[in-house]
Amino acid sequence: MEFRDLKAQYLKYRNEIDSLTQDVMKSAVFIGGEHVRKLESSLATYVGVNHCITCANGTDALYLVLRAWGIGKGDAVFVPNFTFFASAEVVSMVGATPVFVDVDYFTFNIDAKKLESTIKKTIDEGILSPKLIMPVDLFGLLADYDSIELVAEEYNLKILEDGAQGFGATYKDRRACSFGDAATTSFFPAKPLGCYGDGGAIFTNDDELAGLIRSYKVHGKGEDKYDNIRIGVNSRLDSIQAAILNVKLKALINHELDDVNRVYDSYNELLVEKIEKPIIPECYRSSFAQYTIKLKSQKQREDLQLFLKQNDIPSMIYYKKTMHQQTAYADMNLKDEDFPVSTDLCKRVLSLPMHPYMTKDDIERVAHYVNMFVGKSN
Ligand SMILES: *Cc1c(COP(=O)(O)O)cnc(C)c1O
């Protein structure tokens, strides 16, 4: 069994993907071109924003927005303490300081109440200047933007949505990557919309920001690539990846989002009460980058993972460490007690196989072994 079956997806779309990638090779337009333009336009339309700018990966996407906004030394960026390292890393890359905020136990996303108290504390300390909030749509579930937007307004902060895991998710009738002043996503193969290598994108309604990012991503170009008016980077999505993504975006829209939500429904129905299952609040629809359960203790989690492995069922731990526990941030000297929820989650979460191509048999098999294990353990 695969944790995320990318082979099954390729087999289903093989003819279309092979023919389009062959076309790119025959045309020898490897950088830019029609596939990239088409993808940017389809993504912007689907998400419901004016601009989509593709780039080399999801980390670059975040970095480019921070650069374009001029975030740097002395600035505070509020980041959830329970996320993938890149969310905080980019803040440090531009010389600013990530200020970690504990998350909500049920949604795994940034806790809006704790966000406000952390902002207040940062203002009171008077060392850093609060600039922006970076909510993450963890595991495919959108963050609590209604509450976050109120906090942002109150303290005059920008919002940058890290939608790397959330592409395709919705809250009421708004789609992931349409929240905040700008949003980003990643096309890393295992994300809800993945390519066959690395890729990323930035979304915004802000014309000026879009223009700046189009410059920063091409060596700070002015008139063209050979007229350089600022220090930028080289960050682009290549044509082959764009051609593949054009096929995969259709698949995501046509059936994959429904399919992962069907897997979610089946798991919820089959897994016994004793297991803490993911909770999708009302009006939200997840794109299920992960299906993450909580065990009673670290020991029970480790035992279950071993038991599943012995029965050929893959599982993953996202994440074993909070941001403040990472060695790279050890010099901040932050304490576990200040982040009780994220610290606890890191000990007890386990992600089960989840993807649009999961068969009924596979879902039943996973549920059977998980149920059997928790039935035996206390
Ligand atoms: C994957 C991921 C990123 C980074 O994306 P890459 O394409 O791997 O650079 C950023 N933030 C989150 C939350 C992610 O899951």
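Visitor: What makes two rings one of the aromatic pairs here, and how many are there?
Guide: The structure holds 21 aromatic pairs. Rings of Phe, Tyr and Trp (its six-membered ring) pair if their centres lie within 6.5 Å; planes under 30 degrees apart count as stacked, over 60 as edge-to-face and the rest as tilted. This is a predicted model, where local features need pLDDT of at least 70, side-chain atom pairs count only at pLDDT 80 or more, and totals for chains, interfaces and linings use all residues. Residues are numbered from 1 along each chain as its sequence is written, and side-chain values use heavy atoms, with hydrogens and water left out.

Visitor: Why is the pair of Phe82 and Phe139 called edge-to-face?
Guide: Their ring centres are 6.2 Å apart and their planes stand at 90°, so the pair is edge-to-face.

Visitor: What makes this pair a tie between parts of the chain?
Guide: Phe82 sits in the loop between β2 (75–80) and α4 (86–93), and Phe139 in the loop between β4 (129–133) and α6 (145–155), so the pair ties together parts 57 residues apart in sequence. Those labels follow DSSP runs, numbered from the N terminus: helices are H or I with at least four residues, strands are E with at least two.

Visitor: How do you know whether Phe82 is buried or exposed?
Guide: Buried means under 20% relative accessible area, exposed over 50%, and partly exposed in between (1.4 Å probe, protein chains only). Phe82 has 1%, so Phe82 is buried. Phe139, at 4%, is buried too.

Visitor: Why is the pair of Phe167 and Phe203 called tilted?
Guide: The centres of Phe167 and Phe203 are 6.3 Å apart, with 35° between the planes. That angle fits neither stacked nor edge-to-face, so the pair is tilted. Phe167 counts as buried at 1% relative accessibility, and Phe203 is buried with 1% as well.

Visitor: What makes Lys191 a charge over the ring of Phe84?
Guide: A charge sits over a ring if NZ of Lys or CZ of Arg is within 6 Å of the ring centre and within 35 degrees of the ring normal. The charged end of Lys191 is 5.8 Å from the centre of the Phe84 ring. Arg230 lies over the face of Tyr216, 5.4 Å from the ring centre.

Visitor: Which residues come nearest the ligand?
Guide: There are 14 residues around the ligand, and Gly58, Thr59, Asp162, Ser186 and Lys191 come nearest. A residue is near if one of its heavy atoms lies within 4 Å.
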